[in-house]
Amino acid sequence: MKQHVKSVIVLLYIFFGHSTFAQFPVNGNKSSQQNMNLGHFYGKVVDEATGKSIDAATVQLLQNKLDTNTRQRKDVVIAVLITSKKGEFSIERLPVMGKFKLHISAVGFKKYESSISFEINMNAAKSGDMSSMLNGVDKDLGNIKLLKDATQLQNVTVNANKPLIQLNLDKKIYNVEKDISATGGTAVDVMKNVPSVNVDIDGNVTMRNASPQIFVDGRPTTLSLDQIPADQIATIEIISNPSAKYDAGAGSAGILNIVLKKNRKSGYNGNIRASIDSRGRPGVGGDINFKQNKFNFFAAGMFGMRKSISEVITNRTDFLSTKTAHLSQNNNPVGKGYFAFGRLGMDYFIDNRNTITISGNYSRGQFENGDLIDIYRDTVTATSTIFETGKRNLMSKSHFRNIGSSAGFKHNFSKSGKEWTADANYNFSRNRNTSDYNGLYFDQFNQPKTTRLFERSTGGGDTKFLTLQTDYTDPISSTQKLEAGLRMSQRRFKSFNDNLIDSSGGLGQYILLPALGVNYDFKDDVYAAYATYSQQIKNVSIQLGARIESSSYTGNLLTKNQQFSNDYPLSLFPSAFFTWKLNKKADLQLNYSRKINRPGFFQLIPFIDFSDSLNLSIGNPNLKPEFNHLGEIVYSQQFSAGQSILLSIYGRVTDNLITRYQYIDSSILSKPARFTSFANASRSVTTGVELTSKNKVGKNWDITTNINLYNTNLTADNLPGTSNNEQFSWFAKMNNSFKLPANFSIQLTGDYQSKTLVPAASGSASRGGGGGNFYGGGPGFGQTYSTAQGYIKPIYGADIAIKKEFLKNNAASLTLQFNDIFRTRLYATRAANESFNQDYSRRRDPQVLRLNFNWRFGKLDVNLFKRKNMKGEMENMQNMQQGVGQ
């Protein structure tokens, strides 16, 4: 062989000259073989049945090489590309010596495999027939015929039209691009349709009656759900019980991972969007992606205006020592504002195995809320109870901005599936708000009791959130895998709140009330390391993991020179997953993990929210984290095409449950006043059964159904004025998708939540980040938390959306959405103990229409696929293949 190599190089040197082949040594050694990249394979891929060319087929060329580490030979991928529209492919600069394997795959066809090599005619070369010799170096593989795969074609029907929901044992994947009812909205609108997820009227999410942690692209975020445009979301991953690989602070209800769109297709593409709702509020947006050679650029932006109208009723009875006092108030808050979001990023493909990604996002918003509260109450004196009325005006202004940045590096080793990643994420969020109140009370004769009182509250907060993380994955063998990583997160939060009173009777001469002011900051540090080991033994897969975290929290109430802290120098969070492959279409899994749920800043900040003078709220800086034990038995069954179920039996035990808690205090305002705050109850135990099914009724009707039955047992008698509570509840959600003629489609969604204990809070909280939001401000305003003193009344509703696609390749679409069709979504709660009972109800934005326009544009340049670096496309193809048959 060495002599043949030497002969070929000498002859080529003579034929082409010194300038072309001076780089090749002619000693016939190993180096010369590696440098002889003169070979050229090309051919065409066609359908055996029809003879038509196959576009976008994946072509892989492998070569058998010596592994310098193991000293054993193995097949290594040296080229990957996609066939052109004519089904053609061309692979150049290949070594002329050695054996190769050609693998070709295409959706709907059986995989093609063949051994090939360059057939160099040495005898012709010796006789001087260089043309014959070169025919062996430049080899035409001819028309390669692929056989159709009937089984795969059956599944491709689902994959080509990507399903709305994919059911896997470890997670559910919700494909947002198939959700026409959320077009033009925010992540809040998307979550309303996601199986297993319940969304209240203020946009707070719960999963299995607890609040999950919100991730964006696999990392915690300071963005709130109403700050993320729905049109920028690719998928949402619902992970009910994350392994030790994930942050232990994922809380008691798992993770909702929002995966943003980032297109890596070669060429350029994007879309432009516009919308308007029945309240005259417009929105515009767009995104673009461009990839060529080693760079992939992506950018997106949107601007939207909103108007929110609510109806609120509160009725309360206080049981005093000798008398009873009644309170009733009605109000109709109206909020107006705008929200803007921008995102910019770049991938740089250093080489076949190394990629750097840099991205940043910026969002900001400004909102104004106005409210007039009608109050009817009893004032109790030592001798009598006097009925009086009042009116309280509220006008608030708030604005926020959020800046996020991330940088990541990924290295793929030569061993398939072995990789190392490192990334850094930084978020900064700031919000500021000013609220003006004025009120006047009248006696039973409708005469003013006092002069009108003017008050002002100003406040704000800054959040800085830094995470550094590195992960390593090594498939030790075809049946074993090791994963390990390190993570550091640092959160820094500062807030202030000042309360003032107008001494000039409305002329704007405000006097600061130092006793009611709050200046508070805290820092929260978490350091973690994890490792998981997976092994498959016949039909059984085992994954064992452990995560070690060291965490500390320190809060400073500067206005009172008080400090609060809790430290957990070393906490262990194990996880275990056992999966049985019962048959080709059925799996059974048992899993367990331990988690921690750290308090959120809204729960910790100790300033008073005076927006409702008769329902004051305040944070509790003494809160401790919750510790949770989660377990599941999961059964997955695939039936015929388009029919599948996922059944989960689950349990959750929570120690130090963070719960909403009402009490009376006389020391804060120098008079008795009722406050709503947060406290740690002893324990909560939740058990339940969840069923998610996908059903295809005919060719044009798809149904996704989610039913969750659960029982919650709350032990809270450690808190004064509370008792233990138990409640059986159920939740159901159904999503119907219809395909109609003329490119019309309809999506109809309905949900029902029965009577339930108010869900537990999450340290991340769905409104995380400290940024102001469209729904109001103040600690805990509009959020849902567990309570030892009450429950949520049943709530249900339905939404519909109609979509029409048009233009060439359905590049444009119009979508009309209508929410809360029957005006039934009324959020209502009841709280009670021996000193009071209170009923609260709120309806927000029923029966709002929104019209959306979307236009996709772009060009796919197949010539760019000739680059060896196909990392982005291969990831997309792997995702697509995982979706086949789901």
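Mentor: Two strands pair if DSSP finds at least two bridges between them. Keep that in mind as we go through this predicted model.

Trainee: Okay, so how many bridges join β5 to β6, and do the strands run parallel or antiparallel?

Mentor: Here β5 (residues 100-105) and β6 (residues 112-116) share 5 bridges and run antiparallel. For one bridge you can find yourself, start at K101: its partner in β6 is S115.

Trainee: And what sits between the strands of that hairpin?

Mentor: There are 6 residues between β5 and β6, and in this hairpin G108 has a positive phi near 95°.

Trainee: Let's move to the sheet. In what order do its strands come?

Mentor: Read it as β4-β1-β7, an open sheet of 3 strands with mixed pairing. At the edges you'll find β4 (88-95) and β7 (138-146), each pairing on one side only. From one strand to the next, the twist averages 20°.

Trainee: Which way do β1 and β7 run relative to each other, and how many bridges join them?

Mentor: β1 (residues 37-47) and β7 run parallel, with 7 bridges between them. Try H40 as your way in: its bridge partner in β7 is D138.

Trainee: Last one: where is D200, and is it buried or exposed?

Mentor: Look in the loop between β10 (197-199) and β11 (205-207) for D200. The cut-off for buried is under 20% relative accessible area. D200 has 12%, so it counts as buried. You can also check its spacing to V188: the two are 12 residues apart in sequence, and their C-alpha atoms are 9.6 Å apart in space.

Conventions:
Residues numbered from 1 in each chain as written. Predicted model: local features only at pLDDT ≥ 70, side-chain atom pairs only at ≥ 80, totals over all residues. Heavy atoms only, no water. Helix = DSSP H or I, 4+ residues; strand = E, 2+ residues; numbered from the N terminus. Axes fitted to C-alpha atoms, helices over the stretch in contact; angles between N-to-C directions. Buried < 20%, exposed > 50% of the residue type's maximum accessible area, 1.4 Å probe, protein only.
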